[in-house]
Amino acid sequence: KLCREAIGGFSATLAWGTSDRRVQVFHILCLLCVGIYAILLPWMRPQWLVDNIYAEATKVGNSVDKQRGIFQVAVLVLAVLNFMCLIMLGLASRAMKSEAISRLIDEQLRENEKFRSHFLKALRTSYSISVLLLLLVVFIYGILSRLSRLPHPSAFVMGWSPAFFSAWALLQMLTFIRLLAALAMNKVECFYRELEATGNGINGVNGIHGINGSVNASSACLEAQDFAETAVPGHWLHLLREHQKLLRHLKAMSSAISATVLVFQNVVAGSSLLSLWVARAYQKDALPSTGYVLLAFTMMCSGIFAMLPLAYITDLCQSRRLGRRSLLNLADKYSGWPMSAEVHAEYMRFMQHMNMAEAGIYLPNMGMVTRASLTNQIMFYVKVLPLALALTLGWWRRG
């Protein structure tokens, strides 16, 4: 319903965002048919494919048999990636129907109209970006078909069409990850505002949260010396319980999406390795070989950048970097404020819990997803890129 509200009839193109069985069966059949087409194409050997393979073999200096073998392996890997995308979309659809994510949607989107509009806007924006990126991929392949000077340039795009379906499945995952990150981020932001309200006047626990748990944002900001007079016993224990509840939400969501993200990263890795292998096979022609290496580098980096919304959640929970907005830094701000002995003991329990409990998004293959870990992976790829270019292009042999 939310997908239809955000993008209208185009919601049927999101396999994970629909509960209509007919739409899901259509996606399954499309991916299966494309995978089977990729497997059978080299064996059917249509005339346009034979002519194109012969022209490419002549251009790059390979034998016709070797060039045919390269194409067979490439489309076979694309068929496998399409089947993996089918599994990935199935896992994503299952994750959206899981109890943890359904509860998040019910709690936040139905009760918070402001966040509902933000969620719909994020969905609409993510979908538009995904469509534009897919059109860009098709456009690049079209340009390559014209620059390759093959006998059948339009058939070049048809021969590599299995890549478009796996690309669309990957782009769907960008929308999937961003939307789930928005749900979890809003939950963390709610706790952040609750903790921040501690310094805006405490008239007992209900003085902050009210009868229904809402934050009294109209309270005047207190000075540190007034803090001891207004902080009451039980407040920090209440925040500790709320933080434990937040951790349970984040853990449940991490478990719900971990399988989907694992398959997503494997598909990205497989696509990147395929591009590097094709680049190596085309090493006698510098232009396409360089293009395939850069394409592999772009896909690997895109897989890392897709994790950024999840990293923002972890950083908001537990980052210690100076000046960075986080729950730990905000809680530590009150350490120097005067408190009674009883309130101070509760505060120390709260801080011990905050320091000991890992908070954020945890993925089995990545650990805690943070901006620092993602930056390290990007820098590793940047360092490896010159080596990949040298190995695939054989620059050492060209002097």
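Which side chain makes a polar contact with the side chain of Glu189? Look for Arg325, whose side chain pairs with that of Glu189 at 2.8 Å. The legends below start with an overview and then return to this pair. Please keep in mind throughout that this is a predicted model.

**Figure 1. Overview of a protein with 16 helices and 2 strands.**
Welcome to the whole protein. The protein has 399 residues, and buried residues make up 49% of them. Among contacts with a separation of 6 or more, 77% join residues 24 or more positions apart. A search of the whole structure turns up 2 cavities of 30 Å³ or more, and the largest pocket holds about 1500 Å³ of space. Each of these spaces has its own view further on.

**Figure 2. Helix H8, residues 162-196.**
This view follows one helix from end to end. H8 has 35 residues, and the distance from its first C-alpha to its last is 51 Å. That span is close to the 51 Å expected at 1.5 Å a residue. Of the 35 residues, 27 are buried, so H8 is largely enclosed by the rest of the structure. The next two views pick out a pair of residues in this helix, Thr175 and Glu189.

**Figure 3. Thr175 and the residues it touches.**
Thr175 lies in helix H8. Its relative accessibility is 1%, which is under the 20% limit, so Thr175 counts as buried. Leaving out residues up to four places away in sequence, Thr175 touches Trp16, Leu123, Ser126, Tyr127 and Ser130.

**Figure 4. Glu189 and its partner Arg325.**
Here is the pair from the opening question. Glu189 is found in helix H8. With 18% relative accessibility, Glu189 counts as buried because the limit is under 20%. The side chains of Glu189 and Arg325 make a polar contact at 2.8 Å. Glu189 also touches Leu316, when residues up to four places away in sequence are not counted.

**Figure 5. The largest pocket, with about 1500 Å³ of space.**
A lining of 49 residues surrounds this pocket, and Val137, Ile140, Leu295, Thr298 and Met299 are the ones that lie nearest its centre. The elements that give two or more residues to this lining are H3, H4, helix H6 (113-147), H8, helix H11 (235-281) and H12. The largest share, 11 residues, comes from H12. By class, the lining has 34 nonpolar, 11 polar and 4 charged residues.

**Figure 6. Helix H12, residues 286-305.**
The helix that gives the largest share of the pocket lining is shown here by itself. H12 has 20 residues and reaches 28 Å from its first C-alpha to its last. That reach is close to the 28 Å expected at 1.5 Å a residue. Its buried residues are Ser289, Tyr292, Val293, Ala296, Phe297, Cys301, Gly303 and Ile304.

**Figure 7. The largest cavity, with a volume of about 140 Å³.**
This cavity is lined by 15 residues, and those nearest its centre are Leu49, Glu56, Phe71, Phe156 and Trp160. Helix H3 (47-60), helix H4 (64-96) and helix H7 (153-159) are the elements that give two or more residues to the lining. H3 supplies the largest share, 5 residues. Sorted by class, the lining of the largest cavity has 11 nonpolar, 3 polar and 1 charged residues.

**Figure 8. The second largest cavity, with a volume of about 50 Å³.**
Around this cavity you will find Pro42, Arg45, Leu49, Val50, Ile53, Arg68, Phe71 and Gln72. The elements that give two or more residues to this lining are H3 and H4. The lining residues divide into 5 nonpolar, 1 polar and 2 charged. Leu49 and Phe71 may look familiar: they line this cavity and also lie among the residues nearest the centre of the largest cavity.

**Figure 9. Glu99 and Met253, 9.3 Å apart in space.**
The last view looks at helix H5 (residues 99-109), where Glu99 is found. Is Glu99 buried or exposed? Its relative accessible area is 63%, which is over 50%, so Glu99 is exposed. Glu99 and Met253 are 154 residues apart in sequence, and the 9.3 Å between them runs from C-alpha to C-alpha.

Technical notes: Residues numbered from 1 in each chain as written. Predicted model: local features only at pLDDT ≥ 70, side-chain atom pairs only at ≥ 80, totals over all residues. Heavy atoms only, no water. 1 Å grid on protein atoms, 1.4 Å probe; cavity = no way out; pocket = protein on both sides within 12 Å on 5 of 7 lines; lining within 4 Å. Points joined across faces, edges and corners; volume = space filled by probe spheres on them. Helix = DSSP H or I, 4+ residues; strand = E, 2+ residues; numbered from the N terminus. Nonpolar A, V, L, I, M, F, W, Y, C, P; charged D, E, K, R; others polar. Buried < 20%, exposed > 50% of the residue type's maximum accessible area, 1.4 Å probe, protein only. Polar contact = N/O pair within 3.5 Å; in protein donor to acceptor, adjacent residues only side chain to side chain. Contact = heavy atoms within 4.5 Å. Expected span 1.5 Å × (residues − 1).
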